[in-house]
Amino acid sequence: MRSKLNEAKRIVIKIGTSSLMYPNGEINLSGIDELAFVLSDLRNQEKEVILVSSGAVGVGMNHLNLATRPTTIPKQQAVAAVGQAALMNIYNQRFANYGKQTAQLLLTRDIVEYPTSRDNVINTLEQLLDMGLIPIINENDTVAVDELDHQTKFGDNDQLSAIVSELIDADLLIMLSDIDGFYTNNPVTDPKATLYSHIANITDDLLIQATGKGSDYGTGGMTSKLKAAKRVLKNHSTMVLANGQRPKIIFDILAGKKIGTLFKEES
């Protein structure tokens, strides 16, 4: 089942804030450089690659020397505005080292739910891929809000990456997090927790097992990742959840090695 992962031509990679930032709040430049190297090499293999990247608030906090995440929405959005520009500057520098051009898309949920703008997003992504570019997508944190009759937030980038996979009919979503995959329990607190190698269906029991929040900088947790996997499975696609500490793990995943948790329907 994993042996066919290398056949995936159109791949969405989601990278979480915890893989882009060190626990001390500094930017993980070596990790970002390694990610750029891997995705550039995939492009050299004629694979179509889209990166869904978190990190705007984390990088913004770093640039503004903030020790704690802001609590008010306006300040969070201001920090995200600073961080998104800085993050894209880093990405552009690193990808340029490997001869690749990136493009930025900032999305809100209403854009992909409104038919006309949804088609425009799809057309833009298809054109960027056709041009050989690497689109980098994030939620537009500077304007995304939740209101009674106007929901603009995706919730987190786990959901966004699954939606992007759906929009462009991706063959594979690789979700890189700060954990090795989905476990029977929290492996940090339960030494007897075991890793699920393959999940074909997201059940209520699995959702109950998925508890807890991610890092101090991120917004997702295991529940969010299972919900994303549920969307991917519903679209008869494939997802792998793995540890993003070393982005070169993507090569191992595509080589069919038993890494992380594979979400794929039974064949």
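Helices here are DSSP runs of H or I with at least four residues, strands are DSSP runs of E with at least two, and both are numbered from the N terminus. With that in hand, Glu46 is easy to place: it sits in the loop between α2 (29–44) and β2. The model is a predicted one, in which local features need pLDDT of at least 70 and side-chain atom pairs count only at pLDDT 80 or more, while totals for chains, interfaces and linings use all residues. Residues are numbered from 1 along each chain as its sequence is written, and side-chain values use heavy atoms, leaving out hydrogens and water.

Let's start with the whole protein. Its secondary structure comes to 10 helices and eight strands. Along the principal axes, the C-alpha atoms fill a box of roughly 45 × 45 × 40 Å. The radius of gyration, taken over C-alpha atoms, is compared with a globule rule of 2.2 Å times the number of residues to the power 0.38. For 267 residues, a compact globule would come out near 18 Å, and the protein's 17 Å agrees with that. Buried means under 20% relative accessible area, exposed means over 50%, and partly exposed is in between, using a 1.4 Å probe and protein chains only. By that count, 53% of the 267 residues are buried. Contact means heavy atoms within 4.5 Å. Of the contacts with a separation of 6 or more, 73% join residues 24 or more positions apart.

Now for the inside. In soluble globular proteins, nonpolar side chains tend to be buried together. A nonpolar core is a set of buried Ala, Val, Leu, Ile, Met, Phe, Trp, Tyr and Cys residues joined through side-chain atoms within 4.5 Å. The largest one here has 40 residues, and those with the most contacts inside it are Val12, Ile50, Ile137, Val164, Phe182, Met239 and Phe263. Several elements supply at least two residues each to this core, including β2 (48–53), β3 (102–107), α6 (115–130) and β7 (238–243). Which helix gives the most to this core? That is α9, with six residues. Phe182 is a good residue to click on: leaving out residues up to four places away in sequence, its contacts include Leu195, Tyr196, Ile199, Leu226, Leu241 and Phe263. Apart from this core lies another, of 36 residues, among them Ile15, Ala36, Ile90 and Val240.

Next, look at how some helices pack. Two packed helices are described by the angle between their axes and the distance between the axes. Axes are lines fitted to C-alpha atoms, for helices over the stretch in contact, and angles run from 0 to 180 degrees between N-to-C directions. Helix α7 (residues 157–167) and helix α9 (residues 222–234) pack at an angle of about 10°, with axes 8 Å apart. Angles under 35 degrees count as roughly parallel, over 145 as roughly antiparallel, 65 to 115 as roughly perpendicular and the rest as oblique. So α7 is roughly parallel to α9. Asp158, Gln159, Ala162, Ile163 and Glu166 make the contact from the α7 side, and Ser224, Lys225, Lys227, Ala228, Arg231 and Val232 from the α9 side. For sorting such residues, Ala, Val, Leu, Ile, Met, Phe, Trp, Tyr, Cys and Pro count as nonpolar, Asp, Glu, Lys and Arg as charged, and the others, Gly among them, as polar. The contact of α7 with α9 has four nonpolar, two polar and five charged residues.

Helix α3 (residues 56–63) and α4 make another pair: their axes come within 6 Å and cross at roughly 90°. The two are therefore roughly perpendicular to each other. The α3 side of the contact includes Ala56 and Val57, and the α4 side includes Val79 and Ala80. Nine nonpolar, five polar and no charged residues make up this contact. Ala80 itself is buried, at 2% relative accessible area.

A few loop residues round off the tour. Lys100 lies in the loop between α4 (73–97) and β3. Is Lys100 buried or exposed? Lys100 is buried, with a relative accessible area of 17%. Beyond its neighbours within four places in sequence, Lys100 is in contact with Ser40, Arg43, Asn44, Phe95 and Ile134. Back at Glu46, phi is near 70°, a positive value in a residue other than glycine. Glu46 is exposed, with a relative accessible area of 60%. Asp169, in the loop between α7 and β5, also has a positive phi, near 55°. Asp169 counts as exposed, at 61% relative accessibility.
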